[in-house]
Amino acid sequence: MVAILWLVAGVLALFSVGYLGYSRYLAQFVGLDEDAETPAHKYEDGQEYVPAKKPVLLGHHYSSIAGGAPIVGPITAGLLWGWLPAVLWIAIGNPLMGAVHDFVSLSASLRHEGRSIGYIIGEYIGEDGKNLLLWFAFLTIILVVAVFAFVVGLVFEQYPSAATASILYIMLALLFGVYLYQLDLPFIPGTVVFVTLVFASVFVGMEYPIHLTQQQWIPIILLYSLIASVLPVWTLLQPRDYLSSFLLYAGVGGALVAVVVGTLFATSNAPLVTNIPAFTSFSGNSTLGAFSPLFPMLFVTIACGTISGFHSLVSSGTTAKQLNKETDARLIGYGGMLGEGLLATISLCAVAVVGVTAADATGGIGLALPKFAKGGGIFLSSLGIPVEFGAPFMALVMVSFLLTSTDTALRLGRYLFEEIVGTPETQAQEVASNRYANSLFQCVVAFVLIASGTWTPLWQLFGSANQLLAALALLTATVWLANWDESKQLISTGVPMVLMSAITVCALVYLEYYQNLYQGLILGNTQSAAWSLALQVIIGTVLIVLALSLLRKGIRNVRRAREQGGQPVTDGGTDQ
């Protein structure tokens, strides 16, 4: 057994070095200028382009990127291969790859009027590349909406008090938006009052829980996300994410402090030590009954805790449109991703403290959620907080991450589809670019995916698409830097791009050709329907071909830019 404190201390030490050193270098590298006019000011429209104070935008950004994946992924990886490989991938990969990915995606969008990564790459490799990436990102967004709506419904079913508290803080956020932007009342006093009310909603939820099943919650969650995604950002998105960020900081920060206090003073109601193995085997935990190679599956399983393509859509879709000063990008982009790494670490530590049995290990996502809340409750007991309160509170913290990610993803999907359609010229394009029709379409497709009952394929597709999107976002940043200035080094973005491309393609090959095609369709060693496995193989193949095609275009563009002295080069969308 190893004290949880050592795991947390090691991650914090590496993250501190990354932020104090590497992020400062990257900020100078991309030329952040505090006095430069950001897209939020240049195109301020009260709807999408709205300058936000740094703490408000940090709360929104952090809430949006930190969904359920950094909770489920590390827990699953810890069960499969042990806590050591999981914590190493988080501690090393996050500051060198994930935080870099988020920061350069945000910086690149700032330099391109707050536009998406699809638009940016289209500026350099042509319309074909832009459309391929936009369609890829749009499909990934639908998977995100489906996955997170599924998880929120599961949490609400298991913790009805969290459902009540979540509804209350959404109502408080609407009032806070009016307080700030319509009545123009003082910011700090309002923060104190509304944050206090948000925390009070936890007690109200415990007294008046709302009992519904997961199946009943899912359409409600999707309807909420649809409404939230079409409202102006000042009415709900900004104030809600700012208020909920205090829950998130209290949950993650409180857990970190509790680990220190509980270890040093033995005040928790259970020993804060690891109760799962440091390492099982390269083929995974045998009690799970399936071969799962550490490479490449570890790096796909822990997606959002280390690096996530979804973050590039948040950075270049909503955050870049609200950045008040360019220099805020360092804390929000790089620092925000480190914050998600801390959430992943806490999630891993939570399941390590609680421990699991062989029977538990087959629980999948149903295992991850209660273990996180229960383990978090044990942490908070170190501070004198009863587990009976701490566990529901941590469930609310988790839901806060999930809800913000769900409706932000829907908003991002709308932006992406509007870019795909372009300027409407026909009636069909008018309908497709309509914010209500667009958002409704995404919700319907996400509901169909959830209703199919195929959770495992949905999660695998989400993980693979998400990591592949991260590689393509890093490719976009590398192309932008190469075309910006011939003296710009491309190692910071190029090396992570190559690594993630190789890892993701290997993972897709294993999942689709070995697991689904060979083991499933040919040998019949599966309980999944044949049509479902065949569909996965087709989608996986499309993802691989798409990635390799875009990588080839991007690398060719980088070479041309270097040969022409850093002058912008557009391939024109052809493969000459």
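Where do the axes of helix H1 and helix H11 come within 9 Å, and at what angle do they cross? Let's start the tour there. Keep in mind that you're looking at a predicted model.

**Stop 1: H1 and H11**

Select residues 4-29 for helix H1 and residues 237-265 for helix H11. The two axes come within 9 Å of each other and cross at roughly 135°, which makes H1 oblique to H11. The crossing of H1 past H11 is left-handed. Now show side chains at the meeting point: on the H1 side, pick Ile-4, Leu-5 and Val-8, and on the H11 side, pick Leu-256, Val-259, Val-260 and Thr-263. Colour that contact by class and you get 6 nonpolar residues, 1 polar and no charged.

**Stop 2: H5 and H12**

Next, bring up helix H5 (residues 83-110) and helix H12 (residues 294-301). Their axes come within 10 Å and cross at roughly 60°, so H5 is oblique to H12. Here the crossing is right-handed. To see who does the touching, select Pro-85, Ala-86 and Trp-89 from H5, then Leu-294, Leu-298 and Phe-299 from H12. By class, this contact has 6 nonpolar residues, with no polar and no charged ones.

**Stop 3: along H12**

Stay with H12 and turn on a surface for everything around it. How many of the residues of H12 are buried? The count is 7 of the 8, so H12 is largely enclosed by the rest of the structure. The buried ones to select are Leu-294, Pro-296, Met-297, Leu-298, Phe-299, Val-300 and Thr-301.

Now zoom in on Pro-296, which lies in this helix. Look at the backbone just before Pro-296: the peptide bond from Phe-295 to Pro-296 is cis, with omega near 10°.

**Stop 4: Gln-467**

From H12, hop across to Gln-467, which sits in helix H19 (residues 455-484). Is Gln-467 buried or exposed? Its relative accessibility is 0%, so Gln-467 counts as buried. Show everything touching Gln-467 beyond four places in sequence and you'll meet two residues from the previous stop, Phe-299 and Val-300. The rest of that contact list is Ile-302, Ala-303, Ile-307, Ser-308, Met-500 and Thr-504.

**Stop 5: Phe-372 and the core**

Time for the largest nonpolar core, with its 189 residues. Which residues touch the most other members? Select Phe-103, Phe-372, Phe-379 and Leu-403. Centre the view on Phe-372 and, skipping neighbours within four places in sequence, show its contacts: Ile-71, Ile-75, Leu-343, Ile-346, Ser-347, Ala-350, Met-394 and Met-398.

**Stop 6: Ser-381**

Now go to Ser-381, in the loop between helix H15 (365-380) and helix H16 (387-421). Ser-381 has a relative accessible area of 9%, so it is buried. Outside the four-place window in sequence, Ser-381 touches Thr-267, Ser-268, Asn-269 and Val-387. Try the distance tool between Ser-381 and Ala-270: they are 111 residues apart in sequence, yet their C-alpha atoms are 8.8 Å apart in space.

**Stop 7: Ser-439**

Another serine to select is Ser-439, in helix H18 (residues 435-451). At 0% relative accessibility, Ser-439 counts as buried. Leave out neighbours within four places in sequence and the contacts of Ser-439 are Leu-226, Ser-229, Val-230, Leu-410 and Arg-414. Run the distance tool again, this time from Ser-439 to Ser-405: 34 residues separate them in sequence, and 15 Å in space from C-alpha to C-alpha.

**Stop 8: two loop residues with positive phi**

Finish in the loops. Glu-113 is in the one between H5 and helix H6 (117-125). Its phi is near 60°, a positive value in a residue other than glycine. With a relative accessible area of 31%, Glu-113 is partly exposed.

Then jump to the loop between helix H8 (160-182) and helix H9 (187-207), where you'll find Asp-184. What is the phi of Asp-184, which is not a glycine? Check the backbone torsion and you'll find a positive phi of about 55°. As for accessibility, Asp-184 is at 65%, so it counts as exposed.

Technical notes
Residues numbered from 1 in each chain as written. Predicted model: local features only at pLDDT ≥ 70, side-chain atom pairs only at ≥ 80, totals over all residues. Heavy atoms only, no water. Core = buried A, V, L, I, M, F, W, Y, C linked by side-chain atoms within 4.5 Å. Buried < 20%, exposed > 50% of the residue type's maximum accessible area, 1.4 Å probe, protein only. Contact = heavy atoms within 4.5 Å. Axes fitted to C-alpha atoms, helices over the stretch in contact; angles between N-to-C directions. Helix = DSSP H or I, 4+ residues; strand = E, 2+ residues; numbered from the N terminus. Parallel < 35°, antiparallel > 145°, perpendicular 65-115°, else oblique. Left-handed = near helix turned anticlockwise from the far one by under 90°. Nonpolar A, V, L, I, M, F, W, Y, C, P; charged D, E, K, R; others polar.
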